[in-house]
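Hi,

Here is the structure I promised to pass on. Have a look at it first, and then read my notes below.

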Amino acid sequence: MDSGNAAWMLVAASMVFLMTPAVAFFYGGMVRAKAVLNMMMMSTLAIAVTGIIWTLWGWSISFAGKDIGGVFGDPITGFLLKDTVTAKNGVFTSLDSANAAYPHTVDIAFQAAFAMICVALISGALAERVRISTWMIFVALWITLDYAPMAHMVWNHGLLAADGPISNAIGAQAHDFAGGTVIHINAAVAALIIVLIIGRRIGFPKESMRPHNVPMVMLGAFLLWFGWFGFNAGSAFAANGTAGYAWVSTTIAASGATMGWLFTERIRSGHYTAMGAASGMVAGLVAITPAADVVSPLWAMVIGLLAGFVCCLACGLKFRFAYDDSLDVVGIHGVGGLLGTLLIGFFGTGTGFLAGGNFRQLLVQFLVALIAIIYAAAVTGVIAFALEKTIGWRVSKDQEVIGVDQSDQGESAYDFGSILN
């Protein structure tokens, strides 16, 4: 055991955990005032439900259980963390491991925080119209059947791993440093599938549905940027130079994307907006996530600039194709995650087409992303459709007009009567 690595990974896990409350602020500010508490509750329940499922069998399916077909681990081996924790003299601690640089319990914490933020991202697409009770059941099912198997496939020697059968067949190692496929593509595809099943908000796209609190959005974006250092630098799994460089490349890409988004906005509408800056930050953070350790500073900047430009334009697709992705989960996380995953095939040092002269890296990145999209769409489709046909996803039309805060939570974020008086 290395106390320095253990300390860093505990800090990184805590930073990643902070990202879900950051999403609550980020998304909460974007919705109308009548839905802010409901939006923040969805992140709260992403934490609470995932924490329970991860303890019961999520950890086992992802990382602890015996591999089954390269798709998931068995849920029994690590059920209730029995493979990981033990009591010594009445105090619980990690089981010893000769190969680990830090205790297994730290890894459980780090990976649990990843699962929490992933499912919380989906909530942004469903804003202002979804029942909290249905959301809780969805989180439990989705973490079990989608997220945990996807994490196993990519990060635990499974089908989509660097040492998996697809990589071996192509002769290039698939690379997803911190979650381009597992987190961002996965969450965005799930969000799109649910949106197509549950339908649009009343009034979309004709009514203006502007953010009710832009400073709250900015606060959430800055907290996300801070938490992302744990997300990306923590994925080095050690306090080392790779972690340090991941911090640097993450900042370079987020900075580039902020500028790319703002310049695109300026050309398109004549303004540099705070909403654009916040969205650009996140787009760059998303795009660099799979590539933070394998692209040079120059290419990290290029990835960021491209992400800002492309994601800004992609967010307008929901109006053209009339799908109500309320807070642009697909446009930012889906497009940004796919862009970052594929650009490793061009910019990956020594392996990418432009940085290494090898087309195989691009091919393996494309195939892994494609399979992740298909898996996420299929599993989410089954879960979302089953919930729609049984308990239903949406509040009633009257409840939606009044606001889900009042109809589902029975409370309001702001007492406008007191303010006026």
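In which loop is Leu 95 found? Leu 95 sits in the loop between β4 (91-94) and α3. Before I go on, please keep in mind that this is a predicted model.

Leu 95 is partly exposed, and its relative accessible area is 29%. Leaving out residues up to four places away in sequence, Leu 95 touches Lys 82, Asp 83, Thr 84, Val 85, Thr 86 and His 104. Ala 125 is 30 residues from Leu 95 along the chain, and their C-alpha atoms are separated by 40 Å.

Now the salt bridges. The count comes to 7 salt bridges. One of them joins the side chains of Glu 128 and Arg 32, at 2.6 Å from N to O. That pair links distant parts of the chain, 96 residues apart: Glu 128 is in the loop between α3 (104-122) and α4 (132-155), while Arg 32 is in the loop between α1 (3-30) and α2 (36-64). Glu 128 and Arg 32 are both buried.

Asp 328 and Lys 318 form another salt bridge, where the closest N and O atoms are 3.0 Å apart. Lys 318 belongs to helix α11 and Asp 328 to the loop between α11 (317-321) and α12 (329-347), so this pair ties together parts that are 10 residues apart in sequence. Here too, both Asp 328 and Lys 318 are buried.

Then there is Arg 394, whose side chain meets that of Glu 400 in a salt bridge (2.7 Å, N to O). Why does Glu 400 count as buried? Its relative accessibility is 6%, and buried means under 20%. There is also a network: salt bridges that share partners join Arg 32, Glu 128, Arg 129, Arg 201, Glu 207 and Asp 324.

Next, helix α10, which covers residues 297-314 and has 18 residues. From its first C-alpha to its last, α10 reaches 25 Å, close to the 26 Å expected at 1.5 Å a residue. Where do the buried residues of α10 fall, seen down the axis? The residues in question are Ala 300, Ile 303, Gly 304, Ala 307, Gly 308, Cys 311, Cys 312 and Ala 314. They fall within an arc of 155 degrees, so they line one face of the helix. As for what they pack against, the buried residues of α10 meet α8 (241-269), α9 (274-288), α11 and α12.

On the surface, I'd point you to a nonpolar patch formed by Phe 353, Leu 354, Phe 359, Leu 363, Phe 366, Leu 370 and Ile 374, with about 670 Å² of accessible area together. Two elements, α13 (353-356) and α14 (360-389), give two or more residues to this patch. The most comes from α14, with 4 residues. Phe 353 has its place in helix α13 and counts as partly exposed, at 44% relative accessibility.

One last residue to look at is Ile 373, which is found in helix α14. Ile 373 is partly exposed at 28% relative accessibility. Apart from neighbours within four places in sequence, Ile 373 is in contact with Ile 185 and Val 189. Its C-alpha is 9.7 Å from that of Leu 338, and the two residues are 35 apart in sequence.

That's what I have for now.

Cheers

Key. Residues are numbered from 1 along each chain as its sequence is written. This is a predicted model: local features need pLDDT of at least 70, side-chain atom pairs count only at pLDDT 80 or more; totals for chains, interfaces and linings use all residues. Side-chain values use heavy atoms; hydrogens and water are left out. A salt bridge is a side-chain nitrogen of Lys or Arg within 4 Å of a carboxyl oxygen of Asp or Glu. Buried means under 20% relative accessible area, exposed over 50%, partly exposed in between (1.4 Å probe, protein chains only). The expected span of a helix is 1.5 Å times one less than its number of residues. The arc is that of the directions from the helix axis to the C-beta atoms. Contact means heavy atoms within 4.5 Å. Patches are made of residues with over 30% relative accessible area and no salt bridge: like charges are joined within 9 Å, nonpolar side chains (Val, Leu, Ile, Met, Phe, Trp, Tyr) within 5 Å. Accessible areas come from the Shrake-Rupley method with a 1.4 Å probe; for residues, only the protein chains shown count as cover.
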